[in-house]
There are 2 protein chains.
Amino acid sequence: EDQKKQEDTKASDPYASDPERHPVLRVNCKKPFNAEPPSEILTESYITPHVFFFKRNHLPVPQVDPASYRLQVEGLPGGELSLSLEDLKTQFPKHTVTAAMQCAGNRRSDMNNIKEVQGLNWGVSAIGNAKWGGTRLRDVLLAAGFGPEVANWARHVHFEGLDKDVTGTAYGTSIPISKAISEEGDVLLAYEMNGEDLPPDHGFPLRVVVPGVVGARNVKWLGRIVISAEESASHWQQHDYKGFSPGTDWSKVDPKSAPAIQELPIQSAITVPADGAVIDRSEETLTVKGYAWSGGGREVVRVDVSLDGGNTWQVAQLRNGDEGETTEPSPPPGRAWAWKLWELTAPLPPQAEELEIICKAVDNSYNVQPDTILPIWNLRGLLNNAWHRVKVRVRED
Amino acid sequence: EDQKKQEDTKASDPYASDPERHPVLRVNCKKPFNAEPPSEILTESYITPHVFFFKRNHLPVPQVDPASYRLQVEGLPGGELSLSLEDLKTQFPKHTVTAAMQCAGNRRSDMNNIKEVQGLNWGVSAIGNAKWGGTRLRDVLLAAGFGPEVANWARHVHFEGLDKDVTGTAYGTSIPISKAISEEGDVLLAYEMNGEDLPPDHGFPLRVVVPGVVGARNVKWLGRIVISAEESASHWQQHDYKGFSPGTDWSKVDPKSAPAIQELPIQSAITVPADGAVIDRSEETLTVKGYAWSGGGREVVRVDVSLDGGNTWQVAQLRNGDEGETTEPSPPPGRAWAWKLWELTAPLPPQAEELEIICKAVDNSYNVQPDTILPIWNLRGLLNNAWHRVKVRVRED
Ligand SMILES: [Mo]
Ligand SMILES: [Mo]
């Protein structure tokens, strides 16, 4: 009878079976669930615990029975391949990759504050860094019959989720075949996050992890993979998750004029102190903390921090592990998938009553962040990677 | 006797046998020869003729006899490989790659104008786009014995030129092995530029072309290749061609703190109209032209142009061929080595007496150019990719 009641509720509310979430999360949307942690929690650990990892759901969380679950692989000459979770775990070597994942809408609220955009009002915490474990997509594609013949016509790999809207349309998207098939691309079909089974909000039992690529392509609750000559025709590939010129408004936007977002640009943000914080003059020094990351496997090589609105800059300390930990060696070129945490402790500038603190990062292609938001403004509020600025007040004793 | 006189001159002036150059070039330094074309000539053709292609020599141009020329390939277990020009042309398939090449100091003069830097005073034309023909470096490395065993320890490929300073030190540098050995890296040992033998100023008889990577690694007059576990120890790899924070001055610079520049960031510049040009109000429309390019094979997807100092932006037309030509299809992801030319024709803004024209480009990783120069200022004046700005006056009738 309890089960019947549950099913009735579910019929009226497709979100009724969504999992519980940590109460500290800042909820941008309840249904579908979209939430991020407070920024000061985000940089407390190098690996983001799954409860604090931002949740970006487009649809209700599907309930998947791991025993009957099957992944369909289609479009290859050998016909359809159907793999159970057990098959994926036992027929292929397990790989782990530490990779950050960022929503294209991270930092949208700052863009929205300057000029209104359409989208969820994310702060700076729609990003996280996790250790993903699973099967290499490359290995599955090779097992399914990918070879030189297929390479002649195949250009994209489509991913379809088991999350569906009321009309039965599943979340879907695609990535270039070159990224999917490359040994150095490190694309995973992940069944583990931070050493445990994927949590329901992060794609249980299987999700795609495309290191260096926008969150939107890292499809959760993966049901189907299709090899194709064409990009995914889905809404999320063709009409959303694209960047436009600041001069483009809704009356003249042409989705075909812009490429689907894949690799993301250089990014950094301040997580401590919080905007509006009050600092005691007696403190003498100020510690600023944050994260930095770049897409496409480019490694962050420097973070500059200003305590005076950009007049002078100091170089922050970077780390790629928790404090006190022996840090990992630099990854091979083009495979720096994880974020870096950074920190600067500097004398509190004398006299100043208010400080504008700014951070900006540089990656190993020497790409930098733009100074201001307005010239990268776009109607969907995507790709805000302008310098991050917070203001704090200094209280005299 | 004539020969003796020449040799006497050469003994006193190692630059005496340098080739003749086109008189239109703007010379930044005579010895060694460093020069660029006027910017309005630069964008007249999609493929830059060699006479107008910027010349960046670190040392005198060596005179190499193609008949006795040998390329040495060292560091591989099979021992040294020695290849004649004929060997390179006949024992390996010929490949052609259209690739732009840019000096790390391009646009240094604008940086120097804001705050003094050390280096040659390049304008916006230390960049060119050519069709290079030659042997794939990958093919030569494989022929020399590169295999899985070598892959275990090899990390870098060193290039040494035949150009030497008075102490006998040759120009040298290195690139990561991953770039050198990758099929998609398209690194060439080029013996042709735009369908003809390499000209003396561009490396005759053989140079390296590393698409997507800073000019400094594209070693000319190539004499020696060494496979190594270490980066080149040369001055140009370890002490020059690195980027630093704007707060770093000569008293505190630590070359080890920054990686050697390899891939370059997103770049664009205005070539027409020239800074300071005067435009007639009766013209009604204004045409702005320029180039855009990004390193690492990232494709330029958009150029925004402002005629009002950055208040409003219009999207320029891009092309990847000469005007009226059928343009080539988009290259595979990550292999967009060539530049794009762009153009915008727009109504002349009414009333304005002076226009500040700005361009900024976006690549397919959605990296953008920073707004201003000062926050990317560095003591060597490298990597200036801030928005390019020119001012023109409007003359009323
Ligand atoms: Mo997203
Ligand atoms: Mo250069």
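Here are two short exercises on how chain A and chain B meet in this predicted model.

**Exercise 1. Describe the interface between chain A and chain B: its extent, its polar links and its make-up.**

*Solution.*

Step 1: Begin with the residues. Taking contact as heavy atoms within 4.5 Å, we find 37 residues of chain A touching 37 residues of chain B.

Step 2: Turn to area. The size of an interface is often given as the accessible area lost when the parts come together. For chain A and chain B, the buried area comes to about 2700 Å², and carbon and sulfur atoms give 54% of that.

Step 3: Look for charged and polar links. Between the two chains the count of salt bridges is 0, while 18 residue pairs are in polar contact, both residues being at pLDDT 80 or more.

Step 4: Ask what chain A brings to this side. Strand β17 of chain A (residues 300-306) supplies the largest share, 3 residues. By type, the residues of chain A that touch chain B split into 20 nonpolar, 10 polar and 7 charged.

**Exercise 2. Work out which symmetry relates chain A to chain B, and where chain A comes nearest the axis.**

*Solution.*

Step 1: Recall the general idea. Two copies of a chain are related by a rotation about an axis and a shift along it.

Step 2: Superpose the copies. A turn of 180° with a shift of 0.0 Å along the axis lays chain A on chain B with an RMSD of 0.0 Å.

Step 3: Name the relation. This is therefore a two-fold axis.

Step 4: Locate the axis in chain A. The C-alpha of P370(A) is the nearest to the axis in that chain, at 2.0 Å.

Step 5: Compare the contact surfaces. Both copies use the same surface, with 100% of the contact residues of chain A recurring in chain B.

Conventions:
Residues are numbered from 1 along each chain as its sequence is written. Chains are lettered from A and ligands numbered from 1 in the order in which they are written. This is a predicted model: local features need pLDDT of at least 70, side-chain atom pairs count only at pLDDT 80 or more; totals for chains, interfaces and linings use all residues. Side-chain values use heavy atoms; hydrogens and water are left out. Buried area is the accessible area (1.4 Å probe) that two parts lose on being put together, summed over both. A salt bridge is a side-chain nitrogen of Lys or Arg within 4 Å of a carboxyl oxygen of Asp or Glu. A polar contact is a pair of N or O atoms within 3.5 Å; within protein, one must be able to donate a hydrogen and the other to accept it, and residues adjacent in sequence count only if both atoms are side-chain atoms. Helices (H or I, at least four residues) and strands (E, at least two) are DSSP runs, numbered from the N terminus. Ala, Val, Leu, Ile, Met, Phe, Trp, Tyr, Cys and Pro count as nonpolar, Asp, Glu, Lys and Arg as charged, and the others, Gly among them, as polar. Copies are superposed by least squares on the C-alpha atoms of residues with pLDDT of at least 70 in both.
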